[in-house]
Amino acid sequence: MNAPTSVTIRVDGRSLRVAEGTTVAAALLNDGWLEFRRSVSGESRTPLCGMGICHECRVIINDVEHQRACLVTVSEGLRVTTSAATP
């Protein structure tokens, strides 16, 4: 059996190796990210449903805001920005 191919993504400026075919949300959760964004009242938010309905996993992907991390599959060079990196 072949080992899974991995890709490198950048999360808040840090390189992260991830198995190809993984969603951005799974990649971040597997690496220990506990805050994807903040609510309007400043509370930390993280994925809840994992299938795109709750919108709690929104991050900036390749400079496009409000992308649902649970619906985007990683690819080489993908850039992710969480609220931890934004004021």
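**A buried Glu35 cluster, a mixed sheet and its core**

The side chain of Ser83 makes a polar contact with that of Glu35, at 2.8 Å; a polar contact here is a pair of N or O atoms within 3.5 Å, where within protein one must be able to donate a hydrogen and the other to accept it, and residues adjacent in sequence count only if both atoms are side-chain atoms. This is a predicted model, in which local features need pLDDT of at least 70 and side-chain atom pairs count only at pLDDT 80 or more, while totals for chains, interfaces and linings use all residues. Side-chain values rest on heavy atoms, with hydrogens and water left out, and residues are numbered from 1 along each chain as its sequence is written.

Back to that serine. Ser83 lies in the segment after strand S7 (79-81); helices (H or I, at least four residues) and strands (E, at least two) are DSSP runs, numbered from the N terminus. With a relative accessible area of 9%, Ser83 is buried, given that buried means under 20% relative accessible area, exposed over 50%, and partly exposed in between (1.4 Å probe, protein chains only). Leaving aside residues up to four places away in sequence, Ser83 touches Glu35, Phe36, Arg37 and Arg38, contact meaning heavy atoms within 4.5 Å.

Glu35, for its part, sits in the loop between H1 and strand S3 (37-38) and is also buried, at 17% relative accessible area. Its side chain has further polar contacts: one with the side chain of Arg38 at 3.2 Å, and one with the side chain of Ser44 at 2.5 Å. Again not counting residues up to four places away in sequence, Glu35 touches Ser44, Arg45, Thr82, Ser83 and Ala84.

As for the overall layout, 5 strands make up an open sheet of mixed pairing, in the order S2-S1-S7-S5-S6. S2 and strand S6 (64-68) are the edge strands; each has a single partner strand, so one side of each is left without a neighbour in the sheet. On average, neighbouring strands of this sheet are turned by 40° against each other, direction ignored; axes are lines fitted to C-alpha atoms, for helices over the stretch in contact, and angles run from 0 to 180 degrees between N-to-C directions. Strands of a sheet pair through backbone hydrogen bonds, either parallel or antiparallel. S1 and S2 run antiparallel and are joined by 6 bridges, two strands being paired if DSSP finds at least two bridges between them. They form a hairpin with 2 residues in between, and Asp12 in the turn has a positive phi of about 50°. Val11 has Arg14 in S2 as its bridge partner.

The largest nonpolar core (buried Ala, Val, Leu, Ile, Met, Phe, Trp, Tyr and Cys residues joined through side-chain atoms within 4.5 Å) has 20 residues, of which Ile9, Val24, Phe36 and Val80 touch the most other members. Two or more residues each come from strand S1 (6-11), strand S2 (14-19), helix H1 (24-30) and strand S5 (58-61), with H1 giving the most, 4 residues. Outside the residues up to four places away in sequence, Ile9 touches Arg14, Ser15, Leu16, Val18, Ala27, Val74, Ser75 and Leu78.

Finally, the cysteines. The structure holds 0 disulfides, a disulfide being a pair of cysteine sulfur atoms within 2.5 Å. For Cys49, the nearest cysteine sulfur is that of Cys54, 3.7 Å away. Cys49 is partly exposed at 30% relative accessibility, and Cys54 is likewise partly exposed, at 23%.
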